[in-house]
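Reader: I'd like to go through the labels used for this structure and see what stands behind each of them. Could you take me through the reasoning?

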Amino acid sequence: MLKLLSDQTELAIDPWRGGGVAAFKWRGIDIFRSSGDSDSPLELGSFPLVPFCNRIANGYIEKEGQLRTLPAASKFGEHEHALHGMGWISPWATKLSSSDSAVLTLKGDGVLWPWVFEAEQRFQVHADGFSQTISVTNHDEAPMPVGIGIHPYFPNEGATLKTEATGYWRTGPDRLPEEHYDLRKEPRWFANSGFDDCFVGCANPVRIDWPTYHLTIHSSTNLPFTHVYTPPGEDYFCVEPVSHIPDAVNSAFDDDITGLTVLEPGQSMTAECRFQLEHAS
């Protein structure tokens, strides 16, 4: 376990458990949910989404006339679709580590993801939170579809969420996008039915307020989507900055709508997110 510290921020990173964040505390407050003692990456406070975000339908990729099948491991247990990439279920190597920063790397050998690539995560803690940068480089001989995102879990007690989203891709019973809808006002995020949908048009940083502190999530421009998961009856919710909608690689819509990026051999993509905190006034 890597432990990074600043005057007010504590970050615990588990390279062996998906390179995820096991704990994120600010002034002693758990900002992400605490992961406890579980070995499952689904119990982490946050994990990286790479080299794709959310789901790929049934683990099949149809792109440029080719059909590629993802292995059963990418579905993680009982899930029907390939889920959240392979970074979160893979051990990462620690490239660099100091008292307040760390660099992790992951090499994809073409097994869990049918292209050869390398990913890197950079963490830097600050007095008011931390920043996380994820990059992916295509080392394959063929073009590679790619996505980047971050999947944090937040305690929902007393929380309010503000995104200023202008629309969303509503998911169907199979948890894949069905259709795009416009929004005229902020949704009731913690209504009884809950959300598991990908939102667009969040022009300003996403903000989460709790009674005594506020969190602002600043994302780079190539993370234009925010997937919001508010499961009814749970004590957490997820606000995920992502580069594309679920199953973008198989979508009939153009890539500039779905957010899908295709890297040519040797090309890279880098995205950044900063979690910034302040006390309520």
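Reader: Which residue in β15 is the bridge partner of Pro-48?

Author: Happy to help, and please keep in mind that this is a predicted model. The partner of Pro-48 is Ile-150 in β15.

Reader: What makes strand β5 (residues 46-49) and β15 a pair?

Author: Pairing takes at least two bridges found by DSSP. Strand β5 and β15 are joined by 4 bridges and run antiparallel, so they pass that test.

Reader: How do you know that β15 pairs with strand β23 (residues 236-242) as well?

Author: By the same kind of count: 4 bridges join β15 to β23, and these strands run antiparallel. In β23, Cys-238 stands opposite Tyr-153.

Reader: Why is strand β15 (residues 149-155) called largely enclosed by the rest of the structure?

Author: Buried means under 20% relative accessible area. In β15, 6 of the 7 residues are buried, so the strand is largely enclosed.

Reader: On to charges, then. What makes the contact of Asp-30 with Lys-25 a salt bridge?

Author: The cut-off is 4 Å between a side-chain nitrogen of Lys or Arg and a carboxyl oxygen of Asp or Glu. The closest N and O atoms of Asp-30 and Lys-25 are 2.9 Å apart, so the pair qualifies. A search of the whole structure finds 9 salt bridges.

Reader: Why is Asp-30 called partly exposed?

Author: Partly exposed lies between the 20% and 50% limits. Asp-30 has 28% relative accessibility, so it counts as partly exposed. Lys-25, with a relative accessible area of 24%, is partly exposed too.

Reader: Glu-120 and Arg-122 form a salt bridge; why is Glu-120 called buried?

Author: The relative accessible area of Glu-120 is 17%, so this residue is buried, while Arg-122 is partly exposed at 40%. The closest N and O atoms of the two are 2.9 Å apart. Lys-95 is linked with both in a network of salt bridges.

Reader: What makes the salt bridge of Asp-128 and Arg-274 a link between distant parts of the chain?

Author: Their side chains meet at 2.7 Å, N to O, yet the two residues are 146 residues apart. Asp-128 is in the loop between β12 (116-126) and β13 (129-138), and Arg-274 is in strand β25 (residues 268-279).

Reader: Which residues gather in the patch of negative charge on the surface?

Author: Glu-80, Asp-174, Glu-178 and Glu-179. Patch members need over 30% relative accessible area. Glu-179, in strand β18 (residues 177-182), has 44% and is partly exposed, so its area clears that cut-off.

Technical notes
Residues are numbered from 1 along each chain as its sequence is written. This is a predicted model: local features need pLDDT of at least 70, side-chain atom pairs count only at pLDDT 80 or more; totals for chains, interfaces and linings use all residues. Side-chain values use heavy atoms; hydrogens and water are left out. Patches are made of residues with over 30% relative accessible area and no salt bridge: like charges are joined within 9 Å, nonpolar side chains (Val, Leu, Ile, Met, Phe, Trp, Tyr) within 5 Å. Accessible areas come from the Shrake-Rupley method with a 1.4 Å probe; for residues, only the protein chains shown count as cover. Lys and Arg count as positive and Asp and Glu as negative; His and the chain ends are not counted. The place of a charge is taken as NZ of Lys, CZ of Arg, CG of Asp or CD of Glu. Buried means under 20% relative accessible area, exposed over 50%, partly exposed in between (1.4 Å probe, protein chains only).
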